[in-house]
Amino acid sequence: FEPVSVAIAIGAASALTGYLSYKDLYCRFAECCREKQPLNASALKLELEEKLFGQHLATEVILKALTGFRNNPNPKKPLTLSLHGWAGTGKNFVSQIVAENLHSKGLKSNFVHLFVSTLHFPHEQQIKLYQDQLQTWIRGNVSACASSMFIFDEMDKLHPGIIDAIKPFLDYYEQVDGVSYRKAIFIFLSNAGGDLITKTALDFWRAGRKREDIQLKDLEHVLSVGVFNNKHSGLWHSGLIDRNLIDYFIPFLPLEYTHVKECVRAEMRARGSTVDEDIVTRVAEEMTFFPKDEKIYSDKGCKTVQSRLDFH
Ligand SMILES: Nc1ncnc2c1ncn2[C@@H]1O[C@H](COP(=O)(O)OP(=O)(O)OP(=O)(O)O)[C@@H](O)[C@H]1O
């Protein structure tokens with residue numbers, strides 16, 4: 001919005017209502033950082049339950065983490081979530097839902113920032129420059145809005161030097177150079193540990209146990225082997241884990257045939273089409289599933305559903 005027209009609009013609306021505060025009115029026309037606004041936990045719960053398929057653990061942990069954090073008036077550190085799992089299982093999708101529930105413009109909000117390792121930090125020789133730029137960017141944005149949200153995609157491809165640059169912001173400091181980062185949210189996405197999460201899901205399946213019976217504790221050990229002790233993972237190198245700077249590790253399970261079908265239906269509805277079950281089945285059957293013998297899990301999750309649907 002252009003400031004003059006916003007001011008005119010506010011003036012006109014104030015004259016009409018003579019009632020709403022300047023700030024309330026301003027925020028109807030321009031985006032405001034509402035750091036004190038409580039999270040609508042039931043709306044988030046409903047949205048996750050309706051839109052996110054096959055991820056009972058992620059749904060549970062994300063709800064718990066966000067409600068606890070947003071209901072705490074004085075958090076001791078920013079909230080840091082590390083989302084792990086196979087490709088196309090919903091990590092970016094969930095980040096988008098969380099962003100929309102915290103800032104109404106979601107990923108388009110001025111207070112939500114998405115970084116993709118290979119896109120934003122592609123050259124190893126430029127690490128020093130990226131570190132400076134990133135720190136300045138985070139400092140500037142958290143100064144402007146304490147509840148800013150930062151999403152780092154492809155965390156396993158992120159140079160440890162970049163993680164080092166973020167580290168001071170994630171710690172228990174009251175302030176860093178006069179800025180408090182304690183109300184900010186950092187979300188890290190990675191495929192690290194995805195193979196081990198899949199193995200656990202498969203063990204349950206082979207034992208005839210329900211997917212929904214998988215509990216967080218069944219995966220804690222798995223993630224600790226796959227991520228915490230994996231000396232090749234950027235997360236390990238960075239010391240984020242042994243300094244306890246990650247609040248929640250959130251596993252994403254591999255998606256099954258029925259989940260892929262749900263994704264196709266959701267995509268058809270989003271396009272305003274009526275759901276045609278023949279097309280749903282055809283799209284789902286075009287996807288490839290593993291392991292070779294049982295063919296249970298989609299190897300791209302729901303990732304290629306949208307583009308495949310274009311051909312039907
Ligand atoms: N569990 C899910 N429930 C509903 N839709 C899903 C789910 N997983 C993926 N999708 C759909 O597939 C698209 C791609 O998934 P998304 O980008 O979230 O995967 P990802 O886990 O971030 O993958 P990658 O690790 O490759 O980045 C989403 O935009 C969404 O439409």
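On a 1 Å grid over the protein atoms alone, a pocket is an open set of points where a 1.4 Å probe fits, with protein on both sides within 12 Å along at least five of seven lines; a molecule sits in a pocket if more than half of its atoms lie within 2 Å of its grid points. The model is predicted, so that local features need pLDDT of at least 70 and side-chain atom pairs count only at pLDDT 80 or more, while totals for chains, interfaces and linings use all residues. Residues are numbered from 1 along each chain as its sequence is written, and side-chain values use heavy atoms, with hydrogens and water left out.

**Exercise 1.** Locate the ligand and describe the residues around it.

Solution. Begin with the site: the ligand sits in the largest pocket. Next, take the shell, where a residue is near if one of its heavy atoms lies within 4 Å; of its 18 residues, Phe-53, Gly-88, Lys-91, Asn-92 and Lys-303 come nearest. Then sort by class, which gives 8 nonpolar, 7 polar (Gly is counted here) and 3 charged residues. Finally, trace the origin: helix 5 (residues 91–102) gives the largest share, 3 residues.

**Exercise 2.** Find backbone atoms in polar contact with the ligand, and state how far the protein buries the ligand.

Solution. A polar contact is a pair of N or O atoms within 3.5 Å. A backbone N or O atom of Gly-88 lies 2.8 Å from a ligand oxygen, one of Phe-93 lies 2.9 Å from a ligand oxygen, and a polar backbone atom of Cys-302 is 3.4 Å from an oxygen atom of the ligand. Taken alone the ligand exposes 630 Å², of which the protein buries 85% (Shrake-Rupley method, 1.4 Å probe).

**Exercise 3.** Examine the backbone geometry of Pro-291 and Lys-295.

Solution. Start from the general background: most residues other than glycine have a negative phi, and most peptide bonds are trans. The peptide bond from Phe-290 to Pro-291 is, however, cis, with omega near -5°, and Pro-291 lies in the loop between strand 6 (289–290) and strand 7 (297–298). Lys-295 has its place in the loop between strand 6 and strand 7, and its phi is positive, near 50°.

How values were computed. Polar contact = N/O pair within 3.5 Å; in protein donor to acceptor, adjacent residues only side chain to side chain. 1 Å grid on protein atoms, 1.4 Å probe; cavity = no way out; pocket = protein on both sides within 12 Å on 5 of 7 lines; lining within 4 Å. Helix = DSSP H or I, 4+ residues; strand = E, 2+ residues; numbered from the N terminus.
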